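Trainee: I should like to study one part of this structure closely. Please take me through it step by step.

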Amino acid sequence: MFGKFFRGQYSLSEAFWKFSVFGLFCCAGISRILMTGLKQTVGYDMNYINVVLKNISLISMNSNAFAWMCFYTASFLAVIIYSIICVIGMYNTYKEYEKSKVLAIICMILTWGLVYLAIKTSMYS
């Protein structure tokens, strides 16, 4: 399924709505939920580097915070990787779409905006 999207073999509407909008929304939402769990576990520390440094030390490690940190970090990396796949897949779909290049360009611009919002929403802040 993702291979077909990556190669641009879906229609523009299906690629945009199904993979870009819905996929990025789900990835960012899961990452945001895990970030909230991590924040609650570490007492709402605003600096991610402090959270990492406090929880990789064997002396002061909180096992719950360490687990949340691992899950959040994995989900954030998944958002980054999915964003790259999404941009490449939409670009390949854009190249194959022949009906209206203006509509394809609009979908590419909106995809870049969605990628920006997904990454910004998923960042620890």
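Leaving aside its neighbours within four places in sequence, which residues is Lys39 in contact with?

Mentor: Two remarks come before the answer. This is a predicted model, in which local features need pLDDT of at least 70 and side-chain atom pairs count only at pLDDT 80 or more, while totals for chains, interfaces and linings use all residues. Residues are numbered from 1 along each chain as its sequence is written, and side-chain values use heavy atoms, with hydrogens and water left out.

Apart from neighbours within four places in sequence, Lys39 is in contact with Tyr44, Tyr124 and Ser125, where contact means heavy atoms within 4.5 Å. Lys39 lies in helix 2, residues 12-42; helices (H or I, at least four residues) and strands (E, at least two) are DSSP runs, numbered from the N terminus. Lys39 counts as buried because its relative accessibility is 13%; buried means under 20% relative accessible area, exposed over 50%, and partly exposed in between, with a 1.4 Å probe and protein chains only.

One of these partners, Tyr124, leads to an aromatic group: ring pairs link Tyr48, Tyr72, Phe76 and Tyr124 into a cluster. Rings of Phe, Tyr and Trp (its six-membered ring) pair if their centres lie within 6.5 Å; planes under 30 degrees apart count as stacked, over 60 as edge-to-face and the rest as tilted.

Two members of the cluster, Tyr72 and Phe76, also meet Ser122. Ser122 is found in helix 5, residues 101-122, and is buried, because its relative accessible area is 0%. Beyond residues up to four places away in sequence, Ser122 touches Ala28, Ser31, Met35 and Val79 as well.

Helix 2 also packs against helix 4 (residues 63-96), at an angle of about 165° and with axes 9 Å apart. Axes are lines fitted to C-alpha atoms, for helices over the stretch in contact, and angles run from 0 to 180 degrees between N-to-C directions. Helix 2 is therefore roughly antiparallel to helix 4; angles under 35 degrees count as roughly parallel, over 145 as roughly antiparallel, 65 to 115 as roughly perpendicular and the rest as oblique. The residues of this contact comprise 21 nonpolar, 9 polar and no charged. Here Ala, Val, Leu, Ile, Met, Phe, Trp, Tyr, Cys and Pro count as nonpolar, Asp, Glu, Lys and Arg as charged, and the others, Gly among them, as polar.
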